[in-house]
Amino acid sequence: MEVFTAPTHSDRGPPDVGKMLGGEEKEEDPDAAKKEEERQEALKQQEDERKGKYAKMEAEREGMRQGIRDKYGLKKREEAEAEAAAAAEESVEGSLTRPKKLVPAGCGDEEEEESIMDTVMKYLPGPLQDMLKK
């Protein structure tokens, strides 16, 4: 009768499994720090070039925008908003409440109210008309 024996360590898989699991230390590259520093410097240089490129493009766009503003007599968005805010502050200055809304012409005129009363009086019975007129 044969006895079953468990597989030994060498029978468990390929020999480099221990390396993949971090069992053995990798050899340090003596130039690794220098290479990493060069890589970081190259990345920084690329980023600076990219930022410079986009700054140049934005300056060109702003020049075109200014040309359009000059041609059509427009103001910059920030300037227009600042002027609107200043106008709102001037109207509110010295007041404790919000500014009054402008009433359109024809709203709340007393002449109109009288004509409405006359119209209502026509439909009321005589004694009520006399009582309201007094």
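**A walk along helix H2**

Select Glu36 to begin: with a relative accessible area of 34%, Glu36 is partly exposed, a class that lies between buried (under 20% relative accessible area) and exposed (over 50%), as found with a 1.4 Å probe and protein chains only. The structure on screen is a predicted model, in which local features need pLDDT of at least 70 and side-chain atom pairs count only at pLDDT 80 or more, whereas totals for chains, interfaces and linings use all residues. Residues are numbered from 1 along each chain as its sequence is written, and side-chain values use heavy atoms, with hydrogens and water left out.

Keep Glu36 selected and add Arg39, whose side chain meets that of Glu36 in a salt bridge at 2.9 Å, N to O; the term stands for a side-chain nitrogen of Lys or Arg within 4 Å of a carboxyl oxygen of Asp or Glu. By this rule the count comes to eight salt bridges. Arg39 is partly exposed too, at a relative accessible area of 43%, and the two residues, three apart in helix H2, are separated by about one helical turn. An α-helix has 3.6 residues a turn, so residues three or four places apart point the same way.

Now widen the selection to the whole of H2, residues 32–72 (helices are DSSP runs of H or I, at least four residues, and strands are runs of E, at least two, numbered from the N terminus). Its 41 residues reach 60 Å from the first C-alpha to the last, close to the 60 Å expected at 1.5 Å a residue, where the expected span is 1.5 Å times one less than the number of residues.

Move along the helix to Glu58 and Arg61, whose side chains meet in a salt bridge of 3.5 Å, N to O. This pair, three residues apart in H2, is again separated by about one helical turn; Glu58 is partly exposed at 35%, and Arg61 is partly exposed at 39%.

Next select Glu62 and Lys76, which are joined through their side chains by a salt bridge of 3.8 Å, N to O. Because Glu62 lies in helix H2 and Lys76 in the loop between H2 and H3, the pair ties together parts that are 14 residues apart in sequence. Glu62 is partly exposed at 27% relative accessibility, and Lys76 is partly exposed at 29%. Select Glu58, Arg61, Glu62, Arg65, Arg69 and Lys76 together, and you have one network, joined by salt bridges that share partners.

Within that network, centre on Arg69, which is found in helix H2 and counts as buried at 13% relative accessibility. Leaving aside neighbours within four places in sequence, Arg69 is in contact (heavy atoms within 4.5 Å) with Glu62, Leu74, Lys75 and Lys76.

Finish at the end of the helix, where Gly73, just after H2, takes a positive phi of about 70°. Leu74 lies in the loop between H2 and helix H3 (77–92) and is exposed, with a relative accessible area of 51%. Add Ile68 and Tyr72 to Leu74 to see a nonpolar patch on the surface, with about 340 Å² of accessible area together. Patches take residues with over 30% relative accessible area and no salt bridge, joining like charges within 9 Å and nonpolar side chains (Val, Leu, Ile, Met, Phe, Trp, Tyr) within 5 Å, while accessible areas come from the Shrake-Rupley method with a 1.4 Å probe and, for residues, count only the protein chains shown as cover.
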